[in-house]
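Me: I've got a structure to look at and I'd like to work through it one question at a time. Can you go over it with me?

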Amino acid sequence: MSNDKPHHMPTWFDVLRREIKQSTGVVIDADRAASVASRLSPLARDHGFPDIAQLCLAMMGPRRAQIHRAVVDAMMINETSFFRDRLPFDEFRCKIMPQLLAARAASRSLRIWSAACATGQEAYSLAMMFDEDARLFSGWSIEILATDVSQSAIETARAGVYNQFQVQRGLPVSQLLRYFTRANDTWTIAEHMKSRVRFEQRNILENGPSTGSFDVICCRNLMYYFDSEGKKALLKRLHEALAPDGFLLLGATETPLGVSDEFAVSSHHPWLSARKLDRAQSQIMRPQLRLVRG
Amino acid sequence: MKRILIVDDSLVIRKVARRILEGMHFEIVEAENGQAALDVCALAMPDGILLDWNMPVMDGLQFLRELRRQPAGGAPKVIFCTTENDVAHIARAVNAGADEYIMKPFDREIMQSKFREIGLC
């Protein structure tokens, strides 16, 4: 007589949740099967599968790479807007920029990473800010890298073409006129803005950019979708990628507090933090958090 | 409570805009063309104006130019709200003194974004 307990066969939803979490860190809530099914049904049909179960099984089959990418693209939430929430951009311009101007006066070089950039509005918002403050940064090298796990989101971002609704959310009319041209009911960002941002399809947890070199990382509204283990891994990765005196901006409801003690969090804005300096670094650099306040 | 004047010859648009703006805690007054809007402004200048372009009697652009000529006419923030959605129209509106521009059709999120942009909420 076997003592084995009844074996639970994984459903398509179990497979999907496991695959998405492993590859992106994003946790799909267990009660979302119905909404996920409606999102994936067209994809299953487009790829010639009779149902979603076959599509999800194919994520582990011979066409793994192609199907996996298509499912990840379909599952990612690309909700974003120009100057989203506005306040982080005001803080960037009024508090972070002046500090970086002073701290990087010798190298005259800045590296910004818009992580989980979705369709690119955040990265272009930063590019517009730097363009408007071009006088301050004359002769500087400003690199803006924008990455997302979704290939289709990155392709949209690279094209820089937005519809009428997208250019009216968060984007002042003065910047619409200055940086966009209109054709066939869509608005395309100017070539000189496109050339300021480098878009790359990357998974932060697997193949993020090189470590320890970004002066500012914006990773807004991604951590929210991770479980506590994923949040720790994400913050560890961002900490590694951040310069010793660099800044991290998270989403409005996100904070390193209670997840990582490697960041000095602003007392005014829990979503804004500076990388904590270790003892050796603190002897040669001023603590940044004090300057962030107020 | 800040007061917003909705100027549009379409009763439907005025109703939809009123519902959204009342939800944002504004007091609403309405006018159905530019001339009627000038009459409202002569009685009491609103804090903000949501302004259609194409209207009978007096269009939105004429109204804006008249408004900005008046002694207190520089004060209200003006958001054009129109189906004229090409660059030339937008530029003309801004040059005439519009603070923001909404291309119809709009939704609640766009309305909130634009009123936030001009500092009225």
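Me: Which residues lie nearest the centre of the second largest pocket?
Reply: This is a predicted model, so keep that in mind as we go. The second largest pocket has a volume of about 280 Å³, and 15 residues line it. The ones nearest its centre come from chain A and chain B: Ser81(A), Arg84(A), Asp85(A), Gly170(A) and Arg116(B).

Me: How many charged residues are in the lining of the second largest pocket?
Reply: Sort the lining by class. You get 2 nonpolar and 5 polar residues. The charged ones number 8.

Me: What about the largest pocket, how much space lies in it?
Reply: Start with its walls: 34 residues line the largest pocket. By class, they split into 17 nonpolar, 8 polar and 9 charged. The space inside comes to about 670 Å³.

Me: Which residues of the lining are closest to the centre of the largest pocket?
Reply: Some of the lining comes from helix 1 (12–24) and strand 1 (109–115) of chain A, which each supply at least two residues. Closest to the centre, though, you'll find Ile77(A), Ala116(A), Asn221(A), Leu222(A) and Tyr225(A).

Me: Where does the largest pocket lie with respect to the domains of chain A?
Reply: Check who gives residues to the lining. Domain 1 (12–75) does, and domain 2 (87–292) does too. Because both contribute, the pocket lies between domain 1 and domain 2.

Me: Now the open sheet of 3 strands in chain A: which are its edge strands?
Reply: The order is 3-5-4, with antiparallel pairing, and the twist averages 35 degrees from one strand to the next. An edge strand pairs on one side only. That picks out strand 3 (161–163) and strand 4 (180–183).

Me: Which residue stands opposite Asn163(A) in strand 5 of chain A?
Reply: Strand 3 and strand 5 (residues 186–189) of chain A run antiparallel and are joined by 3 bridges. Along this pair, Tyr162(A) has Trp187(A) as its bridge partner. Opposite Asn163(A) stands Thr186(A).

Me: On the other side, which residue in the hairpin of strand 4 and strand 5 of chain A takes a positive phi?
Reply: Those two strands run antiparallel, joined by 4 bridges, and Ala183(A) is the bridge partner of Thr186(A). The hairpin has 2 residues between its strands. The one with a positive phi, near 50 degrees, is Asn184(A).

Me: There's also an open sheet of 7 strands in chain A. What are its edge strands?
Reply: Write out the order first: 6-2-1-7-8-10-9, with mixed pairing. The twist averages 20 degrees from one strand to the next. Pairing on one side only, the edge strands are strand 6 (197–201) and strand 9 (263–265).

Me: Do strand 7 and strand 8 of chain A run parallel or antiparallel?
Reply: Strand 7 covers residues 214–219 and strand 8 covers residues 242–250, with 5 bridges joining them. In this pair, Val216(A) stands opposite Phe247(A). The direction is parallel.

Me: Let's finish with chain B. In what order do its elements run from the N terminus?
Reply: Chain B has 5 helices and 5 strands. Start at the N terminus with a strand, then a helix, and keep alternating. The run is β-α-β-α-β-α-β-α-β-α.

Me: And what radius of gyration does chain B have?
Reply: Its C-alpha atoms fill a box of roughly 35 × 30 × 25 Å along the principal axes. For 121 residues, a compact globule would come out near 14 Å, so chain B agrees with that at 13 Å.

Definitions and conventions: Residues numbered from 1 in each chain as written. Chains lettered and ligands numbered in written order. Predicted model: local features only at pLDDT ≥ 70, side-chain atom pairs only at ≥ 80, totals over all residues. Heavy atoms only, no water. Pairing = 2+ DSSP bridges. Axes fitted to C-alpha atoms, helices over the stretch in contact; angles between N-to-C directions. 1 Å grid on protein atoms, 1.4 Å probe; cavity = no way out; pocket = protein on both sides within 12 Å on 5 of 7 lines; lining within 4 Å. Points joined across faces, edges and corners; volume = space filled by probe spheres on them. Nonpolar A, V, L, I, M, F, W, Y, C, P; charged D, E, K, R; others polar. Domains from an automatic or database assignment. Rg over C-alpha atoms; globule rule 2.2 N^0.38 Å.
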